[in-house]
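The following paragraphs lead through one protein model, moving from a single residue to the sheet, the core and the chain as a whole. Please keep the sequence and the coordinates in view while reading.

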Amino acid sequence: PNCEIFGNMDTLRRIGGLVGYLKNSMLDNSSADIPVVAASNEVGGLVGAMEESKVNQSSSHRSVQGVSKIGGLVGIVLGGYKESSILNSYHLSDNVSGNSNIGGLVGSIGNNFTSTTITVQPTNLVENSYAASSVVNGTTQNIGGLVGYKAGTSSNVFVINSYYDSTISGQVDNSGKGTPATTAQLQQTQD
C-alpha cells in the first residue's frame, strides 16, 4: 500500500486526510500530512470512519478540526460483524479540535454491532499506538489525549499498550482510554 498525501482540505462531509470511510479493508504503512477541516462529524487526520477494517503502521501529521467524533488519526471506529483495529500507528500535530468526542488518536471507538443470530461480539482494538497533540474541546464531553469516547467494557473495546503525551495534550485521563505519559517518557518508548 505505501500511500502518502500532502496538501490542504476543506469539506462539508465525513472526511479523512486519506480515506473518508474505510470498510472491510486494510490500510497499511500509510500517512497523511494534510490539515483536515470539516463542518461535520466523523473526521480524522487519516480516516474519517472505519468499520470491520484494520489500520496498521500508519500516521497523520497535521491539525484536525470538526464537530463531533474527531480524531487525530481516525474520527470513529464503528462496530460490525468483524474486528476493527488500529495497530502500531500514531498522530503528531499542533491540535485536534471539535465540540465533543475528541481524541488525539481516535474520536470515538464503540461497538454498534447488533445481531439476533450471533452471540459473540467482535472486538474493536487500539494497540501499540500513540498521540502527541493538543486536544481542544468546545465542551468537556468525552475528550481524551488518545481516545475521546470509548464504549463500556462489555462492548469488547480495548486500548492496549497505547499512550498519549499528557504534556502536549493537556489531558491526564487514565480510565482505559490510553495511558498518559510525559514527552520525555514517550521519546524513551520510541527509542
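Ser-166 is in contact (heavy atoms within 4.5 Å) with Gln-171, Pro-180, Ala-181 and Thr-182, once its neighbours within four places in sequence are left aside. The residue lies in helix α1, which spans residues 166-169. Helices here are DSSP runs of H or I with at least four residues, strands are runs of E with at least two, and both are numbered from the N terminus. With a relative accessible area of 18%, Ser-166 is buried; the term denotes under 20% relative accessible area, while exposed denotes over 50% and partly exposed the range in between, with a 1.4 Å probe and protein chains only.

The model is predicted: local features need pLDDT of at least 70, side-chain atom pairs count only at pLDDT 80 or more, and totals for chains, interfaces and linings use all residues. Residues are numbered from 1 along each chain as its sequence is written, and side-chain values use heavy atoms, with hydrogens and water left out. The predictor's confidence in each residue, pLDDT, runs from 0 to 100. Its mean for the protein is 86, and 83% of the residues reach 70 or more. Among the elements, strand β2 (residues 9-11) has the lowest mean pLDDT, 58, and strand β11 (residues 59-60) the highest, 97.

In total, the protein contains 2 helices and 25 strands. Five strands form an open sheet in the order β4-β9-β14-β18-β22, with parallel pairing; two strands pair if DSSP finds at least two bridges between them. At the edges stand β4 (19-23) and β22 (147-150), each of which pairs on one side only. On average, neighbouring strands of this sheet are turned by 10° against each other, direction ignored. Such angles run from 0 to 180 degrees between N-to-C directions, and the axes are lines fitted to C-alpha atoms, for helices over the stretch in contact.

Within the sheet, the pairing can be followed across β18. On one side, β14 and β18 pair in the parallel sense over 3 bridges, and Ile-76 stands opposite Ser-108 in β18. On the other, 3 bridges join β18 (residues 106-109) to β22, again running parallel. Here Val-106 faces Val-147 in β22, and Ser-108 stands opposite Tyr-149 of that strand.

Which residues have the most contacts inside the largest nonpolar core? They are Val-47, Val-55 and Ile-86, in a core of 34 residues. A nonpolar core is a set of buried Ala, Val, Leu, Ile, Met, Phe, Trp, Tyr and Cys residues joined through side-chain atoms within 4.5 Å. The elements that contribute two or more residues to this core are β4, β7 (36-38), β9 (47-51), β14 (74-78), β18, β20 (130-137) and β23 (157-160). In soluble globular proteins, nonpolar side chains tend to be buried together. Apart from neighbours within four places in sequence, Val-55 is in contact with ten residues that can be listed in full: Leu-22, Leu-27, Leu-46, Val-47, Met-50, Leu-73, Ser-85, Ile-86, Leu-87 and Ser-89.

Two further residues illustrate how positions distant in sequence come together. Val-157 lies in strand β23 and is buried, with a relative accessible area of 2%. Its C-alpha atom is 9.4 Å from that of Gly-79, although 78 residues separate the two in sequence. Ile-34 belongs to the loop between β6 (31-33) and β7 and is buried at 4% relative accessible area. The C-alpha atoms of Ile-34 and Ser-60 are separated by 7.9 Å, with the residues 26 apart along the chain. For the protein, residues 24 or more positions apart account for 75% of the contacts with a separation of 6 or more.

The backbone also merits inspection in two loops. Most residues other than glycine have a negative phi, and most peptide bonds are trans. Glu-52, in the loop between β9 and β10 (54-56), has a positive phi near 50° and is buried, with a relative accessible area of 10%. Asn-142, in the loop between β20 and β21 (143-144), has a positive phi of about 55° and counts as partly exposed at 28% relative accessibility.

Finally, buried residues make up 53% of the 191 residues in the protein.
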